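Me: I am new to this structure. Please take a close look at one strand and its surroundings.

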Amino acid sequence: MMNKKFFLPLIIFFLLIVAFFVQLQRNAQGDDPKALESALIGKTVPTKTLVDLFDENKVYGNEIFQQGKPILLNVWATWCPTCYAEHQYLNELAAQGIAIIGLDYKDKTDKAIKWLKDLKNPYQVVLKDEKGAFGLDLGVYGAPETFIVDGKGIIHYRHTGDVNANVWEQKLKPIYEQLMEQAQ
C-alpha cells in the first residue's frame with residue numbers, strides 16, 4: 001500500500017491549477033487585476049490638516065475637497081518614474097479645465113517645487129505629505145494613485161498607476177462627467 005504523503009504534491013499541484021483557472025476566468029470576464037478596492041469608496045476624504053507645498057503658512061482642512069464640483073486627487077512624487085510619465089497628461093487635463101489637487105507624497109519640498117517649475121504645474125493646489133501620513137489615511141500603496149472626489153468630498157473611484165489618455169477615456173472620464181452632471 002502506497003503512503004499517503006506521496007499524493008500530497010499531486011494534490012497541491014491540482015489545487016494550484018484550479019486556482020489559476022479561476023483567476024483566468026475572472027480576468028476573462030473583465031475584472032481588472034490592477035484594480036485595488038478602497039475602503040474609502042463612498043466615504044468622505046479623511047479629515048486632516050494639510051499644508052500647502054509652496055506656502056507652509058497656508059493650511060487646508062477638508063473644505064479643499066468640497067468645491068461643489070468633482071476633482072481629481074493625484075498622489076505623486078519626484079522619486080516616482082511613473083509620475084514623471086503621467087505628468088504631461090495631467091497638464092493636458094488641467095488645460096481642459098479638469099480640477100486636480102496634487103498630493104506630494106513622501107517627498108522633499110525643494111525637489112517637488114523644482115519639479116513643478118520645470119515640468120509645469122497642473123494642480124490647483126499642491127499639498128505636502130512628507131511623512132506619508134495623509135497617504136496612509138487614504139490607503140495609498142505608492143505613487144501614482146488618483147482618486148475621483150465629488151463636490152461634497154466623497155471618494156467615488158481610486159486608480160493606481162499613471163493617468164494617461166486610455167485610462168482617462170475608459171475609466172476616469174465617465175465617472176468624472178457623471179459627477180459633473182450631478183453637481184449642476
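Reply: What follows is about strand β6 and its partner strands, and then about aromatic pairs.

This is a predicted model, in which local features need pLDDT of at least 70 and side-chain atom pairs count only at pLDDT 80 or more, while totals for chains, interfaces and linings use all residues. Residues are numbered from 1 along each chain as its sequence is written, and side-chain values use heavy atoms, without hydrogens and water.

Strand β6 covers residues 145-149; strands (E, at least two residues) and helices (H or I, at least four) are DSSP runs, numbered from the N terminus. Five of the five residues of β6 are buried, so the strand is largely enclosed by the rest of the structure. Buried means under 20% relative accessible area, with a 1.4 Å probe and protein chains only. E145, F147 and V149 point one way from β6, and T146 and I148 point the other way.

Two strands pair if DSSP finds at least two bridges between them. β6 runs antiparallel to β3, joined by five bridges, and L73 stands opposite F147. With β7 (residues 155-160), β6 also pairs in the antiparallel sense over five bridges; here E145 stands opposite T160. β6 and β7 form a hairpin with five residues between them, and G153 in the turn has a positive phi of about 90 degrees.

The whole structure has five aromatic pairs, meaning rings of Phe, Tyr and Trp (its six-membered ring) with centres within 6.5 Å; planes under 30 degrees apart count as stacked, over 60 as edge-to-face and the rest as tilted. W76 and Y123 have ring centres 5.8 Å apart and planes at 15 degrees, so this pair is stacked. W76 lies in strand β3 (residues 71-76), and Y123 in the loop between α3 and β5. Both W76 and Y123 are buried.

Notes: Buried means under 20% relative accessible area, exposed over 50%, partly exposed in between (1.4 Å probe, protein chains only).
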